[in-house]
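Me: I would like a close look at a single part of this model. Please keep to that part and explain each term as you use it.
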Amino acid sequence: MSKSKNSNFLLKTPKGTKDWGGSDMIIRENLFTSLTNIFKKHGGVTIDTPVFELREILTGKYGEDSKLIYNLEDQGGELTSLRYDLTVPFARFVATNNLTAIKRYHIAKVYRRDQPAMTKGRMREFYQCDFDIAGTYDLMVPDSEILNILCEGLDDLQINDYKVKLNHRKILDGIFEACGVPEQDIRKVSSAIDKLDKSPWEAVKKEILEKGQSEEIADKIWTFVQHSGSIREVIDILKQSRIDNATAKQGIQEMEVLADYVEAFNIQDKLKFDLSLARGLDYYTGLIYEAVTAASAPPKNANELKAKSKDEDASEYVGVGSIAAGGRYDNLVGMFSNNKSIPCVGISFGVERLFSIIKQRTDMSKLKSQHTDVYVMAFGGGEGWNGFLKERMHVANQLWKAGVNAEFLYKAKANTRKQFDGAEKSGAQLAVILGKEEYPEGKIRVKKLGQGEENEGDVIPVDEMVSFVKSKLQVDAVTESFKNL
């Protein structure tokens, strides 16, 4: 770790954050572009909101995770906090602007006062990519399209080994009610059940008992939450259980409608109805979902959990965990607009975790962080040679104005070797060379780089340079696309 020469502090980023540059940024930019194109394809418009909100806007929305909100110092009589996610600020945005319907996407940083695990993509500052649909529509239509966007996004990023787990808050709450959980304890029990994907039942049951529930209630809950499968399979299980609860029955009916719609989008095989999925956030009211990458099965008992976790956080031993999540939240906007409810449903992609997956499979040596296509050089020497710096600047400017990415060496009398080194570092495909004898005669040399000294290039009139260079770059782009087929 380096120290500043003029201070005693370490030169490092804060815990749970990192600098980004070079080839990492190429992956990030491509990831953002891929998701943004999908969001636009589905009619999304983008918005932006402040990185911090009034503290009262954020409090009481995240259940037990509220302890992870970053509170800021009092400034001018306002208590503010850094945004924990993009969903609550979106709901506030809808209420503030008196909107009744919007499809919006938002790509921005969020903050969590969490214990970071950098190698698994769990950070204190990270990006989220959200798409939400607000408005009153026919039952489960927006929900099914959001699931389609989720699958389309992961498929486009070539995340092939994922599964989208689904559940319904009405079904889950109805199960808890039918099993005897008091209404005021439902969220507490939900947060315990949500850990079944990374903890054995005996550990989850212990937590349920510690939260004031009887062993009989816990055992009843287990008879339901252990089930998972296709939407239709789990619906059949729930119907056979003859659960006598109006809330659960309403949720089951909605899932039956959803089963038809996801089949219309042909994504049913990517979905898994999992009754143990709870999602800890308090604002969800209906369908909830979470995309996870393929990983080892949950541990069967505490000993297996201990063996798997060893030197790492036990809650993160299964791959990188959730890579996207969301759900329906029909009452959140109403909290900011005198209970004027605007139904909403959305999805949030976890950029950092997706990035870590994509980076693992990417040959980073083949990525170039610069986007230079042409390197402008000058060859010459001897008496009267001035290096053609002004001329190189003029030629580079012609290329820029034509939309060509170009660079030149910032030195008056540029050494030939250093110019080629600069071109190689920039990743340029072509060199435009101003020769001491050729250029004054109105001629210029265009050479394809990386083909050795025997490739002398083409000598063309200066006034044909731009069109010639653009045609060469276009041919190279087509050739490269065929190589990738």
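Which strands does helix 14 lie across, and at about what angle does it run to strand 12?

Reply: This is a predicted model, in which local features need pLDDT of at least 70 and side-chain atom pairs count only at pLDDT 80 or more, while totals for chains, interfaces and linings use all residues. Residues are numbered from 1 along each chain as its sequence is written, and side-chain values use heavy atoms, with hydrogens and water left out.

Helix 14 lies across strand 12 (374–379), strand 13 and strand 15. The helix runs at about 175° to strand 12. Helices (H or I, at least four residues) and strands (E, at least two) are DSSP runs, numbered from the N terminus. Contact means heavy atoms within 4.5 Å. Axes are lines fitted to C-alpha atoms, for helices over the stretch in contact, and angles run from 0 to 180 degrees between N-to-C directions.

Next, the sheet. Strands 12, 13 and 15 belong to an open sheet of five strands, in the order 13-12-14-15-16, with mixed pairing. At its edges are strand 13 and strand 16 (458–461), each of which pairs on one side only. On average, neighbouring strands of this sheet are turned by 30° against each other, direction ignored. Two strands pair if DSSP finds at least two bridges between them. In general, strands of a sheet pair through backbone hydrogen bonds, either parallel or antiparallel. Strand 15 (residues 443–448) pairs with strand 16 in the antiparallel sense, over four bridges. Within this part of the sheet, lysine 443 stands opposite proline 461 in strand 16.

Back to the helix, and what comes before it. Strand 13 spans 406–408 and helix 14 spans 416–426, and asparagine 415 is found in the loop between them. Is this asparagine buried, partly exposed or exposed? Asparagine 415 counts as partly exposed because its relative accessibility is 41%; buried means under 20% relative accessible area, exposed over 50%, and partly exposed in between (1.4 Å probe, protein chains only).

The side chain of asparagine 415 has a polar atom 3.1 Å from the backbone nitrogen of lysine 418. A polar contact is a pair of N or O atoms within 3.5 Å; within protein, one must be able to donate a hydrogen and the other to accept it, and residues adjacent in sequence count only if both atoms are side-chain atoms. Asparagine 415 can also be placed relative to glycine 387, 28 residues apart from it along the chain: their C-alpha atoms are separated by 8.9 Å.
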